[in-house]
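Could you walk me through this structure in the viewer, one selection at a time? I would like to know what to pick next and what is there.

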Amino acid sequence: FDYRNLESLEHVVDGEVDEHGIFKGRIRAFGKWLEGEVTITPEGDVPTRANSKVGPFHLRIGTFEQRLKNTTHPEEIFRRHEAEADLYAGLRVYRNGLRVMPYGREDNDFFEIEQRRTKHAGREFWSYRRLFGRVAIRRDANPNLRDKAGREGLIDNTAAKSFRDLVINVLEATARNYFGTDSEIRKSTLPEIQFDSARRRAE
C-alpha cells in the first residue's frame, strides 16, 4: 500500500510536525483537498531541552468512510479499500525508511486510536482497522527517540511520550474538525453524498 494508494483515499492528512509540535500540512476531506495550509497547534507544553525534545517528523495518514452510503468512492473502489484494509491497515512508525516495531500491529495501540473510539466513535472518527499511514522519524532529527535494547519499541522517555501526544493531538484535531460527527464539513457534506448514493442504488 503505497503513496499512490493513499492519495486515492477520500480522507488524507499529510504534513510535518515541527520542533515546536506545530503541524502544518494539507487535508483532503470527502474527496476534496481543502484550500490552503492547515495548522494544528499542540495542546500542552512541548519539551525543548536537548535531552528530551522530540524534533520534527512527518505524518501521512488516510482512510475512507466505513459505510457505503457515506462514501464518495464508487462501490468497486470502496470494496477494494475494504480488502486493502484487511491486509495493510494500521499506523506505523518508520525511522530512516525502516519500520520500528511493534507500532502498526493490530495488538499495539501506541497512539490510543481504539481507546478513544470506545468513548465516542463518531467524534473520534479514526479507526485502527480502516487507517493507512505512517509517521516518519529520522535518526539525526529525532535522537531522543531511541529503541529499547531488544529493538521492540521506543524507550519510554520524555521524548517518546511527547511524540505520542503530538501524533494523538493531530488525530484528535483532524477527527473533530474535518472528519468526525462534530465536523461542520461532515454535517454539510454528508446529506448530499447520501442522497447521491440512494439515487445510484435506485437506478
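Here is a short tour of one helix and a few salt bridges, in what is a predicted model.

**Stop one: helix α6.** Select residues 184-202, the 19 residues of α6. From first C-alpha to last, α6 reaches 28 Å, close to the 27 Å expected at 1.5 Å a residue. Now centre on L190, where α6 has a kink of about 35°; the proline P191 follows shortly after. Next, highlight R186, L190, I193 and S197, which are buried. Show residues 158-179 as well: this is α5, against which the buried residues of α6 pack. Before leaving, look at the start of α6, where a side-chain oxygen of S183 comes to within 3.1 Å of the backbone nitrogen of I185.

**Stop two: helix α2.** Move to residues 75-88 and pick R79. Which residues does R79 pair with? One is E75, in a salt bridge whose closest N and O atoms are 3.5 Å apart. R79 and E75 are 4 residues apart in α2, so about one helical turn separates them. Another is E82, with closest N and O atoms 3.1 Å apart; E82 and R79 are 3 residues apart in α2. Colour by accessibility and you will find R79 partly exposed at 40%, E75 at 44% and E82 at 22%.

**Stop three: a longer link.** Select E114 and R129, a salt bridge with closest N and O atoms 3.7 Å apart. The pair links distant parts of the chain, with E114 in helix α3 and R129 in the loop between α4 and β8.

**Last stop: a network.** Select R116, R123, E124, E172 and R176, joined into one network by salt bridges that share partners. A search of the whole structure finds 21 salt bridges.

Technical notes: Residues are numbered from 1 along each chain as its sequence is written. This is a predicted model: local features need pLDDT of at least 70, side-chain atom pairs count only at pLDDT 80 or more; totals for chains, interfaces and linings use all residues. Side-chain values use heavy atoms; hydrogens and water are left out. Helices (H or I, at least four residues) and strands (E, at least two) are DSSP runs, numbered from the N terminus. The expected span of a helix is 1.5 Å times one less than its number of residues. The bend at a residue is the angle between axes fitted to the seven residues ending there and the seven starting there. Buried means under 20% relative accessible area, exposed over 50%, partly exposed in between (1.4 Å probe, protein chains only). Contact means heavy atoms within 4.5 Å. A polar contact is a pair of N or O atoms within 3.5 Å; within protein, one must be able to donate a hydrogen and the other to accept it, and residues adjacent in sequence count only if both atoms are side-chain atoms. A salt bridge is a side-chain nitrogen of Lys or Arg within 4 Å of a carboxyl oxygen of Asp or Glu.
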